[in-house]
Amino acid sequence: MLTTFFILLFAAFVTAADLYKVLDLHRSASEKDIRHAYKKLSRRYHPDKNKDPGAEEKFVEIAYAYEVLSDPTKRQIYDRHGEEGLKAHADGQQQGNPFDIFSNFFGGGHPARDQVRRGPTSVTEFEVDLADMYKGASIDFMIKKNILCDHCRGSGAASDGDIHTCSGCGGSGVKVVKQQIFPGMFAQSQVTCNECGGRGKTIHKKCPHCQGNKVVDHTAHYTLEITPGMPEGHEVVFEGEGDESPDWEAGDVILRVRSRRNKGGWRRKESSLYWRETIGVDEALLGLDRNLTHMDGHVVRLVRKGVTQPGFVQIIEGEGMPLPENENLNGDLFVEYNVVLPVDISPQTRRKLTEAFRPSEAGHDEL
């Protein structure tokens, strides 16, 4: 039933749209241009990510345009005979599912006919507050990168008419050089064409927007989603968001998330949290009852009866980092007590200590 639905949609789109315009391409677009356009548009309009009305229909339209234009035979038929030629060619053949096309293109199916070179992947250490890793947060950030020039679509030329086949190599990108080895004996070898740099094309007038560089600087905005209890060093991948180039498919941007170290604050080791609490000599000797405000604002009660030695560590279960595998459970909190001796003892403190350690009257009488 679903396949029939897509077949009907495909048939409607064939008669309704110029396939090159669907992918926002010129008719002279290369296979690489077609792949890049499909990758960009299919992600934008995929129904799982785009809930706008008409997004699913647009996604199907994009998938069909890519299916035709990425196939050399179908593209040739479409260029020569248009929609009617495609219909004749499609008689007796089953149309494809656009979600299968999407899956295959992004690595979920059979490998593509032509392996496309991938651009570099960048890995960046990204520090956030430990409180964000405890509570979870959405953090906006920016990346400066190169994107294909919108004016020339990465060709570097002012217009399509300014791109010409190299006269030095005939468009092959290489020249045949004859070298004499011995008198009367020559050897031929291929070298990269020095006139076009091996591209097979020359540009008579450079694009005024990118000055012929094919790419321009761009600042892209993204949002990093921090989940509660995210492990230290966790890598968040932004697929296909690396530097763009007409020579490759954009690589990935990877953020390696770590907590920012704050001296004297909360510390973390895996699912455990550590806190250092400073107390006075009176509390160390007589006990204490304090409130500790946690990173999300809730209060943890610190209670000690009797003497607390300097460096003593109190374990409070369930007050550590959330466990990623079970959001309803937390690790433990380790509270280390630091006892500070006063320079002078106030009358109130002296009185409390005297009363605490004064022998009882009954015991004194017995002596």
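**Strand pairing and helix packing in the predicted model**

Strand β14, which spans residues 313-316, is joined to β17 by four bridges, and the two strands run antiparallel. Within this pairing, V313 has E336 of β17 as its bridge partner. Strand β17, comprising residues 333-340, also pairs with strand β11, which covers residues 272-280, here in the parallel sense and over eight bridges. In that parallel pairing, W275 is the residue that stands opposite V335 of β17. These assignments, like those that follow, are drawn from a predicted model.

A further arrangement of strands is an open sheet of three members, ordered β1-β9-β8, in which the pairing is mixed. The edge positions are taken by β1 (122-128) and β8 (234-238), each of which pairs on one side only. From one strand to the next, the twist of this sheet averages 30°. The pairing of β1 with strand β9, the latter formed by residues 253-259, is parallel and extends over seven bridges; E127 is found opposite R258 of β9.

Among the helices, α3 (residues 31-45) and α4 (residues 55-69) have axes that come within 9 Å of each other and cross at roughly 165°. Since angles over 145 degrees count as roughly antiparallel, α3 and α4 are therefore described as roughly antiparallel to each other. The crossing in which α3 passes α4 is left-handed. On the side of α3, the contact is made by I34, R35, Y38, L41, S42 and Y45, whereas α4 contributes A55, K58, F59, I62, A63, Y66 and L69. Sorted by character, the residues of this contact between α3 and α4 comprise 10 nonpolar, one polar and two charged.

The confidence of the prediction was considered alongside these features. The protein chain has an average pLDDT of 77, and 81% of the residues score at least 70. Over residues 108-114 the pLDDT stays under 50, and for this stretch the model has nine contacts beyond four places in sequence. Residues 361-367 likewise have a pLDDT below 50, and this stretch has zero contacts in the model beyond near neighbours in sequence. Where pLDDT is low, the predicted coordinates should not be read in detail.

Definitions and conventions:
Residues numbered from 1 in each chain as written. Predicted model: local features only at pLDDT ≥ 70, side-chain atom pairs only at ≥ 80, totals over all residues. Heavy atoms only, no water. Pairing = 2+ DSSP bridges. Axes fitted to C-alpha atoms, helices over the stretch in contact; angles between N-to-C directions. Parallel < 35°, antiparallel > 145°, perpendicular 65-115°, else oblique. Left-handed = near helix turned anticlockwise from the far one by under 90°. Contact = heavy atoms within 4.5 Å. Nonpolar A, V, L, I, M, F, W, Y, C, P; charged D, E, K, R; others polar. pLDDT = per-residue confidence, 0-100.
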